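Biologist: I am new to this structure and would like a close look at one part of it. Please choose a place to start and lead me on from there, residue by residue.

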Amino acid sequence: MIDIKQVHKAFGKNQILRGIDLTVERGEVVVILGPSGSGKSTFLRCLNFLERADQGEISIDHTTVKFNQARPKDILALRRKTAMVFQQYDLFLHKTALENIMEGLVIARKQPKDQAYDTALQLLTKVGLLEKKDAYPHQLSGGQQQRVGIARALALNPEVILFDEPTSALDPELVGETLDVIKQVAQTGVTMIIVTHEMNFAYDIADRVIFMEDGVIVESGTPEEVFEQTKEERTKQFLARFSYHHS
């Protein structure tokens, strides 16, 4: 469903991505692990053109775009197939939880407001926040804001959801509620690519785990293969810093 070929990205002389290839099947959950500075978030941001890769191409469900030749309409076509959940929530501060979810439906998808309203209510119920529909971001905890962010991504009915370290800005006690919502979403069969440092979560949710360092994929396999039958010494060193168990 997603075919990514030879993605390169540099900032000045600093090579961040060095030719990444990745294929993701429909409904697959791929989790990307790696140390800070390994290129994980940059890679994710390149997939929907928040950063423009220097070369390579991406195909999502028969829409193929070359990174260095993409026209605005190509980028729009690709973005219509994806949604992104950010580290810092990125909600509109002057809009309620409900309005944050409606915004993309009304503005980008040209949905009638009453239809967008119904969709937003359903999604707030799904993420356990219906009673907060009229609350503004500053009235919500970090975990609640992130769950609104997930609902906003789901509203667009994307073929792929990209999660960029969705719990990294949360207080430790709020991490669980956000991960639980992401697990529920995964069970609906939507395709996901997730950058995270949550090892237990990665083990439990992933169909495939990828370990990245220095802009390349070092190791890839099932959670059992990467966590328990690690082939690469660098992956072993990285995982040794974490305690994890699987449920």
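**From one strand residue to the packed helices**

Modeller: Let us start with T63, which touches I58, A77, L78 and K81 once residues up to four places away in sequence are set aside. Please keep in mind that you are looking at a predicted model. T63 belongs to strand 5, which covers residues 63–66. Its relative accessible area is 19%, so T63 counts as buried, the cut-off being under 20%.

From there, look at K9, in strand 1 (residues 2–11). Is K9 buried or exposed? With a relative accessible area of 9%, K9 is buried. Its list of contacts, again without residues up to four places away, begins with N14, Q15, I16 and L17. K9 also touches T42 and C46, and then E51, R52, A53 and D54. If you would like a link back to strand 5, take V65: its C-alpha atom is 16 Å from that of K9, and their positions lie 56 residues apart along the chain.

Now turn to F49, which sits in the loop that runs between helix 1 (40–47) and strand 4 (55–60). What is the phi of F49? It is positive, about 65°, even though F49 is not a glycine. Most residues other than glycine have a negative phi, which makes this a good place to pause. F49 is buried too, because its relative accessible area is 8%. You can find a partner for it further along the chain: E165 also has a positive phi, near 45°, and is likewise a residue other than glycine. E165 lies in the loop between strand 7 (160–164) and helix 6, and at a relative accessible area of 11% it is buried.

That loop brings us to helix 6, residues 172–186, and to the nonpolar cores. Which residues touch the most other members of the largest nonpolar core? They are L33, I182, M192 and I194, in a core of 52 residues. Helix 6 supplies the largest share of this core, with seven residues. To see how I182 fits in, leave aside its neighbours within four places in sequence: I182 is then in contact with I150, F163, P166, M192, I194, F201 and I205. A second core, separate from this one, has 32 residues, among them I2, F43, A53 and A70. You have met A53 already, as one of the residues that K9 touches.

Next, follow helix 6 across to helix 5 (142–155). The axes of helix 5 and helix 6 come within 8 Å and cross at roughly 15°, and the two helices are therefore roughly parallel to each other. Their crossing is right-handed. On the helix 5 side, G142, G143, Q144, Q146, R147, I150 and L154 make the contact, while helix 6 brings L174, E177, T178, V181, I182 and V185.

Helix 5 also meets helix 3. Here too the axes come within 8 Å, and they cross at roughly 25°, so helix 3 is roughly parallel to helix 5. This crossing is right-handed as well. A97, N100, I101 and L105 of helix 3 meet V148, A151, R152 and A155 of helix 5. Helix 3 spans residues 97–107, and A97, L98, N100, I101, M102 and L105 are buried in it. An α-helix has 3.6 residues a turn, so residues three or four places apart point the same way. The buried residues of helix 3 pack against helix 5 and also against helix 4 (113–126).

Let us end with R152, which lies in helix 5. R152 is buried, because its relative accessible area is 16%. Without neighbours within four places in sequence, its contacts are Y89, D90, L91, N100 and I101. Between R152 and K40, which are 112 residues apart in sequence, the C-alpha to C-alpha distance is 23 Å.

To place all this in a wider frame, an unreviewed UniProt entry carries the annotation "domain: ABC transporter" for residues 2–239. Over that stretch, the chain is 38% helix and 26% strand, with the end C-alpha atoms 27 Å apart.

Note on methods:
Residues are numbered from 1 along each chain as its sequence is written. This is a predicted model: local features need pLDDT of at least 70, side-chain atom pairs count only at pLDDT 80 or more; totals for chains, interfaces and linings use all residues. Side-chain values use heavy atoms; hydrogens and water are left out. Helices (H or I, at least four residues) and strands (E, at least two) are DSSP runs, numbered from the N terminus. Buried means under 20% relative accessible area, exposed over 50%, partly exposed in between (1.4 Å probe, protein chains only). Contact means heavy atoms within 4.5 Å. UniProt positions are given in the numbering used here, feature names are shortened, and annotations may be inferred rather than shown by experiment. A nonpolar core is a set of buried Ala, Val, Leu, Ile, Met, Phe, Trp, Tyr and Cys residues joined through side-chain atoms within 4.5 Å. Axes are lines fitted to C-alpha atoms, for helices over the stretch in contact, and angles run from 0 to 180 degrees between N-to-C directions. Angles under 35 degrees count as roughly parallel, over 145 as roughly antiparallel, 65 to 115 as roughly perpendicular and the rest as oblique. A crossing is left-handed if the near helix is turned anticlockwise from the far one by less than a right angle, and right-handed if clockwise.
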